[in-house]
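Biologist: Hey, can you walk me through this one? I'd like to start with how the strands line up.

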Amino acid sequence: MAAVLAEGSAGGAESEAAAVPPMAGLEMVQQGAEARVYRGLFLGWPTVAKHRFPKRYRHPLLEERLSRRRTAQEARSLLRCRRAGKEAEDWLWKAVG
């Protein structure tokens, strides 16, 4: 299963209440305080996509840095799991915006 880590634009016009999938054909599975998680197909592969939405109360520069750092940390964690022989998703990183 591929995981798509998507990062929202800090200055985006997307409302936190509107759960618009980052790609067509995805279905929202869960929403947390930092992101929405979607499930679907990407290039024919079962996929889980995580879309981080911007927090309007944070300064845009801080929001961008936090989102990039957290996305990169998740990707590194998945890579560490795979290197340790644990099952982990293959991942793609997609910057939106």
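Modeller: Sure. Keep in mind that this is a predicted model. A good place to begin is arginine 39, which sits opposite valine 48 in β4.

Biologist: Okay, and how many bridges join β3 to β4?

Modeller: Eight. Strand β3 covers residues 35–42, strand β4 covers residues 45–52, and the two run antiparallel.

Biologist: What do β3 and β4 form, and how many residues lie between them?

Modeller: They make a hairpin, with two residues between the strands. Leucine 43 is in that turn.

Biologist: What's the phi of leucine 43?

Modeller: It's positive, about 55 degrees, even though leucine 43 is not a glycine.

Biologist: And is leucine 43 buried or exposed?

Modeller: Exposed, because its relative accessibility is 72% and the cut-off for exposed is over 50%.

Biologist: Let's go to the other side of β3. Which way do β2 and β3 run?

Modeller: Antiparallel, with four bridges joining them. Strand β2 spans residues 27–31. Glutamine 30 of that pairing stands opposite valine 37 in β3.

Biologist: How many residues are between β2 and β3?

Modeller: Three, and those two strands form a hairpin as well.

Biologist: Switching topic: what's the overall order of helices and strands?

Modeller: Along the sequence you get β-β-β-β-α-β. That's one helix and five strands.

Biologist: Tell me about the helix. How many residues does α1 have, and how far does it reach?

Modeller: Helix α1 has 24 residues, 60–83. From its first C-alpha to its last it reaches 35 Å, close to the 34 Å expected at 1.5 Å a residue.

Biologist: Which residues of α1 are buried?

Modeller: Glu63, Leu66, Ser67, Thr71, Ala75 and Leu78. When you look at that list, remember that an α-helix has 3.6 residues a turn, so residues three or four places apart point the same way.

Biologist: Nice. What follows α1?

Modeller: Glycine 85 does, and its phi is positive, near 90 degrees.

Biologist: Now the whole chain. What share of its residues counts as buried?

Modeller: 29% of the 97 residues.

Biologist: And how much area does the chain expose?

Modeller: About 6400 Å², with carbon and sulfur atoms supplying 57% of it.

Biologist: Last one: what about contacts between residues far along the sequence?

Modeller: Take the contacts between residues at least 6 apart in sequence: 46% of them join residues at least 24 apart.

Methods
Residues are numbered from 1 along each chain as its sequence is written. This is a predicted model: local features need pLDDT of at least 70, side-chain atom pairs count only at pLDDT 80 or more; totals for chains, interfaces and linings use all residues. Side-chain values use heavy atoms; hydrogens and water are left out. Two strands pair if DSSP finds at least two bridges between them. The expected span of a helix is 1.5 Å times one less than its number of residues. Buried means under 20% relative accessible area, exposed over 50%, partly exposed in between (1.4 Å probe, protein chains only). Contact means heavy atoms within 4.5 Å. Accessible areas come from the Shrake-Rupley method with a 1.4 Å probe; for residues, only the protein chains shown count as cover.
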